Amino acid sequence: MLSAHGVGYEEYRRHHSVRMRVEERRKKDYIRCRRMVADLERLAHYNNRLKT
């Protein structure tokens, strides 16, 4: 928790605003990663079509 979000677990557990900030950041990171995976999958499928 500390290395990934800069917040210790105790602070995360005690403060609602800290929790919300961390969870919003995690949500944005998750969405960004899902978009990256989708882009890579599209690229892989596109390249496979070019080879055949």
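A residue is called buried when its relative accessible area is under 20%, exposed when it is over 50%, and partly exposed in between. The model treated here is predicted.

**Exercise 1. Classify His5 as buried or exposed, and list its contacts.**

Solution.
1. Locate the residue: His5 belongs to helix α1, which covers residues 2-5.
2. Take its relative accessible area, which is 19%.
3. Compare with the cut-off: buried requires a value under 20%, so His5 is buried.
4. Leave out residues up to four places away in sequence; His5 then touches Val22, Arg25 and Arg26.

**Exercise 2. Place Leu43 in its helix, classify its accessibility, and find the surface patch it helps to make.**

Solution.
1. Leu43 sits in helix α3, residues 16-51.
2. Its relative accessibility is 46%.
3. Between 20% and 50% a residue is partly exposed, so this class applies to Leu43.
4. Together with Met36 and Leu40, Leu43 makes a nonpolar surface patch of about 290 Å².

**Exercise 3. Describe the fold pattern of the chain and decide whether the chain is more spread out than a compact globule.**

Solution.
1. Count the elements: the chain has three helices and zero strands.
2. Put them in sequence order, which gives the pattern α-α-α.
3. The radius of gyration is 18 Å, whereas the globule rule gives 10 Å for 52 residues; the value is well over the rule, so the chain is more spread out than a compact globule.
4. Add the spans of the C-alpha trace along its principal axes, about 55 × 15 × 10 Å.

**Exercise 4. State what share of the chain's residues is buried and how much area the chain exposes.**

Solution.
1. Of the 52 residues, 10% count as buried.
2. The exposed area is about 4,800 Å².
3. Carbon and sulfur atoms supply 54% of that area.

Note on methods. Residues are numbered from 1 along each chain as its sequence is written. This is a predicted model: local features need pLDDT of at least 70, side-chain atom pairs count only at pLDDT 80 or more; totals for chains, interfaces and linings use all residues. Side-chain values use heavy atoms; hydrogens and water are left out. Patches are made of residues with over 30% relative accessible area and no salt bridge: like charges are joined within 9 Å, nonpolar side chains (Val, Leu, Ile, Met, Phe, Trp, Tyr) within 5 Å. Accessible areas come from the Shrake-Rupley method with a 1.4 Å probe; for residues, only the protein chains shown count as cover. A salt bridge is a side-chain nitrogen of Lys or Arg within 4 Å of a carboxyl oxygen of Asp or Glu. Helices (H or I, at least four residues) and strands (E, at least two) are DSSP runs, numbered from the N terminus. Buried means under 20% relative accessible area, exposed over 50%, partly exposed in between (1.4 Å probe, protein chains only). Contact means heavy atoms within 4.5 Å. The radius of gyration is taken over C-alpha atoms; the globule rule is 2.2 Å times the number of residues to the power 0.38.
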